[in-house]
Amino acid sequence: MSAPPVLSLNSVSRRFDSGVVALDCVDLQIGAGEFVVLLGPSGCGKSTLLRLIAGLDAPNSGTITWHDKPAPGEIGFVFQDPTLMPWADAQANVAMPLRLRGVADAQARARAALSLVGLDDFATARPATLSGGMRMRVSIARALAARPRVLLMDEPFAALDEFTRHRLQDDVLRITAELGCTTVFVTHSLYEGAYLADRIVLMRARPGQIAAEIPAPGPRPRDRFGDTYLPLLARLQAEVAANAVAT
Amino acid sequence: MRLAPLLSLGGSLAAWQAVVMLMHVPVYVLPGPVAIFAAYLADAAVLNRALLATLSVAAMALLCATVLGVALACLITASRLARAVLEPWTVVLQVTPIVAIAPLIIIWIGNPFTAMVVCATIVAFFPIYANTAEGLAATPQALRDVFALNGASAAQEIFYLRLPAAVPYFLTGLKISGGLALVGAVVAEFVTGAGGIASGLAFRILEAGYRLQIARMFAALVLLAMAGLVINAGFAGIARAAARRWGA
């Protein structure tokens, strides 16, 4: 990580009331403009880590320090499901976070965000009439409408077909580069991690811990059959085996 | 398929009339549809006025039940203390048979119309309240998170998110309560009607029963049943339209 850190996590632990230790002494630094992928099997605490970063949950111990704390709306969050408001059209869904904060040109900015994800023609469409991929685009536009400094994405493409997933991965790379926002992307797919990341944080479950950090330098989007991506994928496989991540 | 309910209704009426005619069933035991319709025509003005009286009690009760039910549902969603205090009472109200407390309510509240509205409101209140409360609680966590991330106030969350999300639930409650308001109005009228206060259809049913005008009694019953069908179909249509809009 060469960029100055925007966020530092020190010995962060999160234990749920059920006694499950979701995260155990996690240390992590995230640099400005970095694209960090949190990669790991189900139950490794990667989603919990993302919610802690967003401030939607609090750690039982340890500290989360922002070096320039984002104001409300400066953190964009994309969930695993699009979870749109079904009674409102695409534009109203995207504009809602802006309206909540009383932003004056909410509708214009919502249209701009929809345009960014290629949905100019669907501003008045209701979620039920959109495909799964388009709903996810609306959900991404909602996270982007406020021009966030930090974009958090929680397995956003896990439920989509391969074709749609590839297109949206390219869209996310393009948009985060355009906006220059810091991105933390949670996934359980080695392929997705190797394709998207500046740096991959490999996690293991029970308790949730960081097993390894793998830098992934080089320009993106990567050629899916090229000589950056494939060796990176091989390296990830090796790290998964070496760190007993999949057991 | 669409005609099936009409055909079944028409067939049943024809069979009913045939049985009554062929078996010479006396009209004071079981009048046929023709006799019932004749009884209605003979007394249409009085019966229609009675129907209107019953419907106005039911409509007013439904309005009160809606306002109270939605307000209380919001209150128990917003405050755990309010939930703890109110929930036992709403259950007590739900399980108390209205016939048991209607005479008391009518004694306590002098005005018969108000008393009947109170009775019908008690009957109609619970489905609206319970369904709306469930809808308010069922808002997806991720949407609440979006609101939290953008610093939404509690009022913004209720009005922009939870209430719109609860609309299909509310309409399900409204459909059930619509029928119940009518039942509540009729029960209240029976109690007041037995006390000699002349109003709605229930009183006309009682009165016809006392005079052994069985065909007239049936005519009043049919009016009541038809009003119930119309109310139910109306609210079911609204609920279906909303469900489509809400993408359910």
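Trainee: How many salt bridges does the structure hold over all chains?
Mentor: The total is 20 over all chains. A salt bridge here is a side-chain nitrogen of Lys or Arg within 4 Å of a carboxyl oxygen of Asp or Glu. This is a predicted model, where local features need pLDDT of at least 70 and side-chain atom pairs count only at pLDDT 80 or more, while totals for chains, interfaces and linings use all residues. Residues are numbered from 1 along each chain as its sequence is written, chains are lettered from A and ligands numbered from 1 in the order in which they are written, and side-chain values use heavy atoms, with hydrogens and water left out.

Trainee: How many of those salt bridges cross the interface of chain A and chain B?
Mentor: The rule finds one there. A:Arg51 pairs with B:Asp145, with the closest N and O atoms 2.7 Å apart.

Trainee: Which elements give two or more residues to the side of chain A that touches chain B?
Mentor: Those are α1 (46-54), β5 (75-78) and α2 (90-100) of chain A. Helices (H or I, at least four residues) and strands (E, at least two) are DSSP runs, numbered from the N terminus. The largest share, four residues, comes from α2(A).

Trainee: And by class, what does that side of chain A have?
Mentor: It has 14 nonpolar, two polar and five charged residues. Ala, Val, Leu, Ile, Met, Phe, Trp, Tyr, Cys and Pro count as nonpolar, Asp, Glu, Lys and Arg as charged, and the others, Gly among them, as polar.

Trainee: What about area? How much is buried between chain A and chain B?
Mentor: About 1,800 Å², and carbon and sulfur atoms give 68% of that. Buried area is the accessible area (1.4 Å probe) that two parts lose on being put together, summed over both.

Trainee: How many residues are in contact?
Mentor: 21 residues of chain A are in contact with 21 residues of chain B. Contact means heavy atoms within 4.5 Å.

Trainee: Back to B:Asp145. Which residues of its helix, α7 of chain B, are buried?
Mentor: In α7 (residues 141-149) of chain B they are B:Ala142, B:Leu143, B:Asp145, B:Val146, B:Phe147 and B:Leu149. Buried means under 20% relative accessible area, exposed over 50%, partly exposed in between (1.4 Å probe, protein chains only).

Trainee: What follows α7(B)?
Mentor: B:Gly151 does, with a positive phi near 65°.

Trainee: New topic. Where do A:Arg174 and A:Glu178 lie?
Mentor: Both lie in helix α5 (residues 162-179) of chain A, four residues apart, about one turn of the helix. Their side chains meet in a salt bridge, 3.6 Å from N to O.

Trainee: Is A:Glu178 buried or exposed?
Mentor: Exposed, at 52% relative accessible area. A:Arg174 is partly exposed, at 36%.

Trainee: What does B:Asp43 pair with in chain B?
Mentor: B:Arg216, in a salt bridge of 2.3 Å, N to O. B:Asp43 lies in the loop between α2 (33-42) and α3 (44-78) of chain B, and B:Arg216 in helix α10 (residues 214-245) of chain B, so the pair ties together parts that are 173 residues apart in sequence.

Trainee: Are those two buried or exposed?
Mentor: B:Asp43 is buried, at 16% relative accessibility. B:Arg216 is buried too, at 11%.

Trainee: Which residues do salt bridges that share partners join into one network?
Mentor: B:Asp43, B:Arg204, B:Glu207, B:Arg211 and B:Arg216.
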